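Me: I'm new to this structure and would love a close look at one part of it. Could you walk me through the place where a pair of helices meet, and then show me what else is worth finding in the model?

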Amino acid sequence: MDKFITLKGIAAPLPIVNIDTDMIIPKQFLKTIKRTGLGISLFYEMRYDHQGQELKNFILNTKPFNQSKILVAGDNFGCGSSREHAPWSLKDFGISCIISTSFADIFYNNCFQNGILPIVVSPENSKKLMDFASDQKEFEIDLPSQNISVEGEKIGFDIEPYRKERLIEGLDDIGITMNYEQSITDYELLQKKNKPWIFKDIK
Amino acid sequence: MSTDSPKTLFDKIWSDHLVKQRDDGTSLLYIDKHLVHEVTSPQAFEGLKIASRPVRRPSATVAVADHNVPTFNRENIEDEQSRIQVQTLANNTKEHGIEYFELSDKRQGIVHIIGPEQGITQPGMTMVCGDSHTSTHGAFGALAFGIGTSEVEHVLATQTIVQKPAKNMRISVNGDLPFGVTSKDLILYIIGQIGTAGGNGHVIEYAGSSLKPLSMESRMTICNMSIEAGARAGLISPDQITFDYLKGRPYAPTDEHWQQAIDYWSSLPSDTDAFYDKELVINSSEIAPMVTWGTSPEDVVAVSGLVPDPSSAKTENKKKSIERSLDYMGLKSGTKITDIKLDKIFIGSCTNGRIEDLRSVASIVKNKKIAPHVEGMIVPGSGLVKLQAEEEGLDVILKDAGFDWREAGCSMCLGMNPDQLKPEERCASTSNRNFEGRQGRGGRTHLMSPELAAASAIKGSIADIRDFD
């Protein structure tokens, strides 16, 4: 997985609340069996007209925001469907940091599996950052020190230490869990005694 | 937590599945059952292949194609991408020795319908699936939640998942449900009360006297939409109704294991005085038949109400969001909900595609015709639900009323298959999401109970079941 340490650039403002994963990547793009190539379809219905032409007034279609690596969005970002196609499409577009006042749980988890940093800020700071984003100010995200810097202002953020470590190191969860193979096997053998109807196949 | 302090149902399932509490604050949780479908699994299997990792315990996984399958003429899936995706699931499950219910199998259906139907879903289990509506299975007192594809891969490889404990929230609903009010209305009402982010970070346990008499089907409808309240999982304590539902189902425990299982399941309900981080108590008399007017499941109003006025919003954000929704939905504030004219009716989905739902619809439309301008579609939740309905003659009643009678799948709940709304078409839907574009680009969805949808089909506009004869 890609590491995330620091990130510098302008941020695209998207002041809509409850942006759901259907909005981020609509159903017709879920037929793929690959993780890549979804960036072009990100926010499809807001970004393209019925003929598939780019809508000029959508933020990610306008310069310089079409190059944004950071998104500042309204409350409860990523609600709805669990589709990991949502973070895949954001990442493929080039976005690896999303700032909001809150995220839906599954989407939040999915971000960390893909080297994307979701940052939760207070409503006041969200408003401030939304304005900075609209004014095309440069954002600097520093994960090790847990700070967003814009225009000389520093806004700190919280992140659970294990999530931070995984992002900074680009660690693979499966690899880490496989180190606990013996504990998993022990658990199964114990539970076979307690709940034999669930562990019939465990010898 | 000490072992003798009072525990919630969630706490009990959690501690019973804890493989390892790790130093970094995360827990490794064992997963008893993993349900897999065609849309969110191909990349997970691909990941295993790239890393040369096997599936750790194939018998703990069951697979079915449901999201992306046509509901008619499906011997040969026309859409190439859909066909490849379904075939990929068949190939992957074969390669790894995972049980797969084929499209032609009568047990095929929506993953959250067939789990309970087969008795795969059982109290006290941990269950995951790459689908947010996995919360459905919580109706059995199983800790069940949706995961992303990377986590699907993790579970396939290790039979565990990395988690931090959720917070406990209890919503108690007390009193008999008023006339015309179903479990769908109850959950829509709750989402309206706490909002789509109200359950974030929590597992919601539903309790109270209103739930006690409810069937498993009705309980599943409630837990199903927990995700629409932001919670990852919903839970209801298992009881005699749960045990009676499970007894004799193909995957349910048998013989000496049955009593052993009952003993275990009976130990699961939350202890008196267990601690909840959040509590909400609702009196059932507050609840009326509910309908959504906007583009978020929290945009609900009683069917006897009006389309809201943005200027009544408490915050500027909320006002903007109401304006945006009304614009998308093509509605004017102040319009009576029962004056909203409909183009389509969709009965189905993991929320309301079970036999009980079809029985309710049939009882309402019997010897009636749906309005001439309305198209109605019924998609049973599984092949077995369809067969059962046909055995009871429900299909004849429904077809006589003018409904299309389809094969099982997710269908127009998410519109990945050809069943979609056209721009500006308005639909009464028994599904779970009214998001912009969810049922088809520009399509307008009003969520409601099967009873309301059936009455609305006859009337041609949204109907109040309480005034319907």
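Reply: Happy to help! A residue counts as buried when its relative accessible area is under 20%. Keep that cut-off in mind as we go through this model, which is a predicted one.

Let's begin with E153(B), which sits in helix α5 of chain B. With a relative accessible area of 9%, E153(B) falls under the cut-off and is therefore buried. What does the side chain of E153(B) make a polar contact with? The partner is the side chain of R35(A), at 3.0 Å. Apart from neighbours within four places in sequence, E153(B) is in contact with R35(A) and I174(A) from chain A, and with Q43(B), A44(B), G47(B) and L48(B) from chain B.

Those chain B partners lead us to the helix pair. Helix α2 of chain B covers residues 42-50, and helix α5 of chain B covers residues 149-158. Their axes come within 8 Å and cross at roughly 50 degrees. Because of that angle, α2(B) is oblique to α5(B). The crossing of α2(B) past α5(B) is right-handed. On the α2(B) side, the residues that meet the other helix are Q43(B), A44(B), F45(B), G47(B) and L48(B). Facing them from α5(B) are T149(B), V152(B), E153(B), L156(B) and A157(B). By kind, the residues of this contact divide into six nonpolar, three polar and one charged.

Another helix pair can be followed in chain B. Helix α12 (residues 355-365) and helix α13 (residues 383-391) have axes that come within 9 Å and cross at roughly 35 degrees. Here, too, α12(B) passes α13(B) in a right-handed crossing. I355(B), L358(B) and R359(B) of α12(B) make the contact with V385(B), Q388(B) and A389(B) of α13(B). These residues divide into four nonpolar, one polar and one charged.

Now move to chain A and look for S82(A), in the loop between β2 (70-73) and α3 (85-93). Is S82(A) buried or exposed? S82(A) has a relative accessible area of 3%, so this serine is buried. Its side chain reaches the backbone nitrogen of D131(B) at 3.3 Å. Leaving out residues up to four places away in sequence, S82(A) touches I106(A) and N110(A) in chain A, together with G130(B), D131(B), S132(B), I147(B) and G148(B) in chain B.

Let's finish with some details of the backbone. Most residues other than glycine have a negative phi, and most peptide bonds are trans. With that in mind, look at K63(A) and P64(A), which are joined by a cis peptide bond with omega about -5 degrees. P64(A) lies in the loop between α2 (44-47) and β2 of chain A.

Over in chain B, D273(B) has a positive phi of about 70 degrees, although it is not a glycine. You will find D273(B) in the loop between α9 (255-266) and β12 (278-283). Its relative accessibility is 69%, so D273(B) counts as exposed. N367(B) is also a residue other than glycine with a positive phi, in this case near 60 degrees. N367(B) is found in the loop between α12 and β16 (375-378) of chain B. At a relative accessible area of 77%, N367(B) is exposed.

Technical notes
Residues are numbered from 1 along each chain as its sequence is written. Chains are lettered from A and ligands numbered from 1 in the order in which they are written. This is a predicted model: local features need pLDDT of at least 70, side-chain atom pairs count only at pLDDT 80 or more; totals for chains, interfaces and linings use all residues. Side-chain values use heavy atoms; hydrogens and water are left out. Axes are lines fitted to C-alpha atoms, for helices over the stretch in contact, and angles run from 0 to 180 degrees between N-to-C directions. Helices (H or I, at least four residues) and strands (E, at least two) are DSSP runs, numbered from the N terminus. Angles under 35 degrees count as roughly parallel, over 145 as roughly antiparallel, 65 to 115 as roughly perpendicular and the rest as oblique. A crossing is left-handed if the near helix is turned anticlockwise from the far one by less than a right angle, and right-handed if clockwise. Contact means heavy atoms within 4.5 Å. Ala, Val, Leu, Ile, Met, Phe, Trp, Tyr, Cys and Pro count as nonpolar, Asp, Glu, Lys and Arg as charged, and the others, Gly among them, as polar. Buried means under 20% relative accessible area, exposed over 50%, partly exposed in between (1.4 Å probe, protein chains only). A polar contact is a pair of N or O atoms within 3.5 Å; within protein, one must be able to donate a hydrogen and the other to accept it, and residues adjacent in sequence count only if both atoms are side-chain atoms.
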